[in-house]
Structures are given as C-alpha cells and as structure tokens.
Amino acid sequence: MSEKSPRLDLPYIQAAQAQKHITHNEAIERLDALTQLVVTEFDASDPPAIPVDGETFALGTATTGDWAANPNEIAFWTGSGWLFLAPQSGWLACRAADQEMRVWDGANWVTAIPSIAAVELLGINTTACPSSYKVGLQSGLSIGGSGSFV
C-alpha cells in the first residue's frame with residue numbers, strides 16, 4: 001500500500017505507525033484546503049503581509065517571498081505556515097471576489113465558464129438566427145404552437 005492517496009495526495013495511516021493523529025490531521029488540513037476550492041486570487045505572485053486562516057491562492061509562475069519555490073501551486077494558509085498543493089488537470093477553483101470559475105489545464109488556470117455577455121448567439125437543439133434573434137430553442141414539446149421559440 002502506498003503512503004499517499006493518488007488524487008488528493010492525502011497521507012494514509014500506516015500499520016504500527018506512532019502518532020496517528022498527526023497523519024490524520026494533515027489529511028484533514030488538505031481536505032479543508034481543496035474541498036470546494038475557493039481562492040482569493042488567481043496567478044498570485046506575492047504572499048500577503050498578514051494572511052488570514054484558510055486564505056488560499058492559486059499561484060502564478062513569478063512567485064516571490066515564502067511562495068518563491070512553489071510556482072503554479074495552491075498556497076493555503078494554515079494559521080502557522082503555508083501549505084502548498086500541486087493542482088491536477090481538471091481541478092476547478094472559484095475566485096471569492098467575483099465567483100469566476102477556472103479550471104487547471106495542467107499548465108494554467110483557464111476560464112471554465114465564459115461570461116454569458118460574450119455569447120453572441122445561442123442555439124439549443126437548433127441554430128439561432130443572427131438576423132432576428134440571438135437565442136434559438138427547438139423542443140419536441142408543443143404548448144399550443146410549433147414547439148419552436150426564436
């Protein structure tokens with residue numbers, strides 16, 4: 001059996017291990033940092049002067065200070081130091097200030113859900129008609145009509 005879980009890198013308690021509570025607490029700390037991942041900032045480079053317990057940052061490539069050796073990682077303030085976690089492809093994070101969702105693509109945090117304002121045309125089960133309406137919907141249901149809404 002390995003010493004850590006494959007996805008979240010959580011430490012396993014080993015047979016005949018002394019001080020099992022330390023391993024257990026480390027796993028809980030990692031779960032606290034990664035479950036429902038919410039960050040203060042994406043592409044962060046400078047650690048805050050006075051971090052708040054639980055404050056989390058998605059680091060960029062040009063990190064400084066306490067973060068200098070951990071580019072592209074997640075930095076989580078534990079109350080006594082920084083816990084650094086390497087994101088895995090497909091992980092989602094939300095920025096608290098504006099609820100922007102991003103996904104880690106293996107190299108960068110990229111926008112996961114584009115703004116609806118950026119959508120010029122939207123067709124659901126049909127093609128939207130740019131000359132008249134920006135939204136098109138084709139349904140198999142009929143409520144006193146053809147089943148189409150444009």
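## Trp104, Trp109 and the open sheet

Trp104 sits across from Trp109 in β8. This is a predicted model, and that facing pair is a handy place to start reading it. The strands involved are β7, covering residues 101-104, and β8; they pair in the antiparallel sense over 3 bridges.

Zoom out a little and you find an open sheet of 4 strands, in the order β1-β6-β7-β8, with mixed pairing. At the edges stand β1 (38-39) and β8 (109-111); each has a single partner strand, so one side of each has no neighbour in the sheet.

## Trp109 and the largest core

Trp109 is buried, at a relative accessible area of 5%. It also belongs to the largest nonpolar core, which has 14 residues. Trp109 is among the residues with the most contacts inside that core, along with Leu37, Val39, Phe42, Ile74, Leu85 and Ala93. Three elements give two or more residues to this core: α1 (20-34), β4 (74-77) and β5 (82-85).

Leu85 is a good one to click on. Leaving out residues up to four places away in sequence, Leu85 touches Arg30, Ala33, Leu34, Glu73 and Ile74. Apart from this core lies another one of 7 residues, and Ala44, Phe57, Trp77 and Trp82 are among them.

## Aromatic pairs

How many aromatic pairs are there? The count comes to 6. One of them is Phe42 with Trp109, a tilted pair with 5.8 Å centre to centre and 50 degrees between the planes. This pair ties together distant parts of the chain, since Phe42 is in strand β2 (residues 41-44) and Trp109 is in strand β8, 67 residues apart. Phe42 is buried too, with a relative accessible area of 5%.

Then there's Phe57 with Trp67: the ring centres are 5.0 Å apart and the planes are at 50 degrees, so this pair is tilted. Here Phe57 comes from strand β3 (residues 56-59) and Trp67 from the loop between β3 and β4, 10 residues apart. Both rings are tucked away: Phe57 is buried at 4% relative accessible area, and Trp67 is buried at 0%. Phe57 and Trp67 join Trp77 and Trp82 in one aromatic cluster.

## The β4-β5 hairpin

Two members of that cluster face each other across a hairpin: Trp77 stands opposite Trp82 in β5. The strands β4 and β5 run antiparallel and are joined by 4 bridges. Between them are 4 residues, and Gly79 in this hairpin takes a positive phi near 105 degrees.

## Pro87 in its loop

Further along the chain, Pro87 lies in the loop between β5 and β6 (92-95). Is Pro87 buried or exposed? Its relative accessible area is 12%, and the cut-off for buried is under 20%, so Pro87 counts as buried.

Which residues does Pro87 touch, not counting those up to four places away in sequence? The answer is Asn72, Glu73, Ile74, Trp104 and Trp109, which brings us back to the two tryptophans from the opening. Pro87 and Ala58 are 29 residues apart along the chain, and their C-alpha atoms are separated by 9.0 Å.

## A chain of charges

The model has 4 salt bridges by count. Asp43, Arg95, Asp98, Glu100 and Arg102 are linked in a network of them. Start at Asp98, whose side chain meets that of Arg95 in a salt bridge at 3.1 Å, N to O. Arg95 also meets Glu100, at 2.1 Å, N to O. Glu100 in turn forms a salt bridge with Arg102, with the closest N and O atoms 3.0 Å apart.

How do these residues sit relative to the surface? Asp98 is partly exposed, at 42% relative accessibility, whereas Arg95 is buried at 17%. Glu100 and Arg102 are both buried as well.

## The whole chain

Overall, the protein has 1 helix and 11 strands. The helix comes at the start of the pattern along the sequence, with the strands following it. Of its 150 residues, 29% count as buried.

Among contacts with a separation of 6 or more, 23% are between residues 24 or more positions apart. The accessible surface comes to about 9,600 Å², and carbon and sulfur atoms account for 56% of it.

Terms used: Residues are numbered from 1 along each chain as its sequence is written. This is a predicted model: local features need pLDDT of at least 70, side-chain atom pairs count only at pLDDT 80 or more; totals for chains, interfaces and linings use all residues. Side-chain values use heavy atoms; hydrogens and water are left out. A nonpolar core is a set of buried Ala, Val, Leu, Ile, Met, Phe, Trp, Tyr and Cys residues joined through side-chain atoms within 4.5 Å. Buried means under 20% relative accessible area, exposed over 50%, partly exposed in between (1.4 Å probe, protein chains only). Contact means heavy atoms within 4.5 Å. Two strands pair if DSSP finds at least two bridges between them. Rings of Phe, Tyr and Trp (its six-membered ring) pair if their centres lie within 6.5 Å; planes under 30 degrees apart count as stacked, over 60 as edge-to-face and the rest as tilted. Accessible areas come from the Shrake-Rupley method with a 1.4 Å probe; for residues, only the protein chains shown count as cover.
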